[in-house]
Amino acid sequence: MSSFNGDSMDDFKGLRITQLDDDDNEEEAPMDPIHVDEFDDDDEEDDEDCEPVILGFVESPRFAWSKLRQLFPNLAGGVPAWLDPVNVPSGKSILCDICEEPLQFVLQLYAPITDKESAFHRTLFLFMCPSMSCLLRDQHEQWKRAPEKVMRSMKVFRCQLPRVNPFYSSEAPKHDGTDKPLGLGAPLCTWCGTWKGDKVCSGCKNARYCSPKHQALHWRVGHKTECQQLRAVLETSDSGLVDNGVSLTQQQKVASKSLWKEFVLVNEDESEYDTEMSEDDEVAKPLVSVREVDDQMKSLMKDFEGDADKNSWVNFQQRVAKAPEQVLRYCRSSGAKPLWPIASGRVSKSEIPNCKSCGGPRCFEFQVMPQLLFFFGGNNDRESLDWATIVVYTCENSCESSSSYKEEFVWVQLYSQTT
Ligand SMILES: [Zn+2]
Ligand SMILES: [Zn+2]
Ligand SMILES: [Zn+2]
Ligand SMILES: [Zn+2]
C-alpha cells in the first residue's frame, strides 16, 4: 500500500523511508581527535550527494474541515488533531519541565511508514513552551553530561496506528467534507484545546481543563460570568467522550487567545526548486515577500563571530534560498542529516539518546526552520522566542509500545549558546 491519501500536497506519506537498513549505521565519520571528536561530521563534505529532502510550507486551511483528525492533516499552530483521540498524553509529559505550564502546540506531521503495518498511520507532534527563558534553560540542560533529571521545554511525541483501528475507517478519506471518524475523542481543555480536559469546572460542570493553570486563566478572562450563565442553561452534561472529530463544519472552540496562528502544512520536494524559476513563475506563491524573510536572515549574520559559524551560515542560506518560505525540512532515511544553520551548538551522535521504548537508535527525521516563527507572528518583547533550527530524531524502527504517544528526542540549536 503505497499511499493512504491520494493528494500528495496534503500529506507527508510515501517518503523515502522503506530502506532503513542496518548496513549504513556502521558508517563512522573520520574522527579528528582534536577538534571535532564530538560530531558525526561528514556533512561539510557530502553536501553534494545529500538525501532528497521534502520541504514543508504553511498555508491557510482551505476548508473548515481541513484540520480534522480524520483527514490525517499536517498542521502548524492552533490546536493539534490527535491521531489517537482517546489516549492523549497527560500528566507531567504535557508540561514544560521548567516553568510547569502546559506546552503549546507547534506542529504535527503525518508521516506513515508504508511498509510497516503498525505504522500505517503515523503522526509526529511537536510542542514547546513559548517562553524563551525556558528554551535557554532547556538547552543549557541538554549540554549536561548525564543529567539526573531531564528538563525539557520542548517535546515531541510519536503516535501510530495500523490500518484497521478503532478510530478511523480503513478506507482513505474522500477530502470532500463528508469524512467522519469512527468514534469520539477524549474531551479537551476548554482553554488550550490541546490537552485532555480531565478536570471539570465544579460550577458549570461543563468547562474542562488540562491543568489548574488553564482553569485559572479562563476564570480570569471571563469564565467567572460565563460559568453562571452556563449553569442556568445546562442542567446536566454527559461526562463521556465528545465529538471533537465528528463535527465537520465547526471548529472546536478554544478560549485562549495566545495560541499560534493556525496553518496547514503542504509539501514539495526540494528538487523541484533546483532549477532557477523565471520571474513570473507562480509555482510556489509566497505568503510574504522573499525579501522580508531574506532581510531578517541577513541581519542575523552580523551576530556571528567565528568563521565556522559564518561558513555554515552561508551554506545554510544558499540551500534555503532555493525556497525561502520553507518552514520544515523532512528526510527520514538512513544517512539523512539536518542542515545546520551554524557550526556551534550541534548535537553529536552520542548525545542523541536511544529510544525509551525499544532501546534502539534514533535517526534524524525532520527539522523546523526559524521562518515558522515569522509566520506565527512573533511578538516583539525581549523575551520573544527564537531558534536557529529545531531538529527531531525518532526511533529508527518506529517501534510499538503500550503507550499511544511515545516521546522522541528534539534538539534545538540557538543562534547564541552564551545567553
Ligand atoms: Zn516553560
Ligand atoms: Zn489547557
Ligand atoms: Zn464553569
Ligand atoms: Zn523504539
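Begin by selecting helix α2 in this predicted model, and colour His214, Gln215, His218 and His223, which are the buried residues of that helix. To see what lies over them, add β6 (199–200) and β7 (208–209) to the selection, since both are included in what covers the buried residues of α2.

Now look at α2 as a whole, residues 212–233, and ask how far apart its end C-alpha atoms lie. The helix spans only 24 Å between those atoms, whereas a straight helix of 22 residues would span 32 Å at 1.5 Å a residue. Where does α2 bend? Centre the view on Gly222, where the helix bends by about 80°.

Staying in helix α2, pick Ala216, which has its place there. Is Ala216 buried or partly exposed? It counts as partly exposed because 13 other C-beta atoms lie within 10 Å of its own, while 20 or more would be needed for a buried residue. From Ala216, draw a distance to Trp191, which is 25 residues away along the chain, and the two C-alpha atoms turn out to be separated by 9.7 Å.

Next, select residues 189–227, the stretch where an unreviewed UniProt entry places the feature "domain: MYND-type". The C-alpha atoms at the two ends of this span lie 15 Å apart, and the span is 41% helix and 10% strand.

Then step back to the whole protein, whose secondary structure comes to five helices and 12 strands. Among its 419 residues, 40% count as buried, and of the contacts with a separation of 6 or more, 75% are between residues 24 or more positions apart.

With the strands displayed, trace the closed barrel of 10 strands, following the order β1-β8-β2-β3-β4-β5-β12-β11-β10-β9, in which the pairing is antiparallel. A good place to pause is the pair formed by strand β4 (residues 121–128) and strand β5 (residues 154–161), which run antiparallel and are joined by eight bridges. Select Met128 here, and its bridge partner in β5 can be found at Met154.

Move along to strand β10 (residues 362–368), which is mostly covered, with six of its seven residues buried. On one side, three bridges join β10 to strand β9 (residues 328–330), the two running antiparallel, and Arg329 has Gln367 of β10 as its bridge partner. Strand β11 (residues 389–395) is also antiparallel to β10 and is joined to it by six bridges; in this pairing, select Cys363 and look for its bridge partner in β11, Thr394.

Which residues touch the most other members of the largest nonpolar core? Within that core of 84 residues, select Ala76, Leu126, Leu265, Val327, Val392 and Val410. Take Val392 as an example and, leaving aside its neighbours within four places in sequence, show the residues in contact with it, which are Leu124, Leu126, Val156, Glu365, Phe366, Gln367, Glu408 and Val410.

The last stop is Gly345, in the loop between β9 and β10. Is this glycine buried or exposed? Gly345 is buried because 20 other C-beta atoms lie within 10 Å of its own, and 20 or more is the cut-off for that class. To finish, draw a distance from Gly345 to Gln139: these residues are 206 apart along the chain, yet their C-alpha atoms are separated by 9.3 Å.

Technical notes. Residues are numbered from 1 along each chain as its sequence is written. Chains are lettered from A and ligands numbered from 1 in the order in which they are written. This is a predicted model: local features need pLDDT of at least 70, side-chain atom pairs count only at pLDDT 80 or more; totals for chains, interfaces and linings use all residues. UniProt positions are given in the numbering used here, feature names are shortened, and annotations may be inferred rather than shown by experiment. Helices (H or I, at least four residues) and strands (E, at least two) are DSSP runs, numbered from the N terminus. The expected span of a helix is 1.5 Å times one less than its number of residues. The bend at a residue is the angle between axes fitted to the seven residues ending there and the seven starting there. A residue is buried if 20 or more other C-beta atoms lie within 10 Å of its own, exposed if 12 or fewer, and partly exposed in between; C-beta atoms are placed from the backbone. Two residues are in contact if their C-beta atoms, placed from the backbone, lie within 7 Å. Two strands pair if DSSP finds at least two bridges between them. A nonpolar core is a set of buried Ala, Val, Leu, Ile, Met, Phe, Trp, Tyr and Cys residues joined through C-beta atoms within 7 Å.
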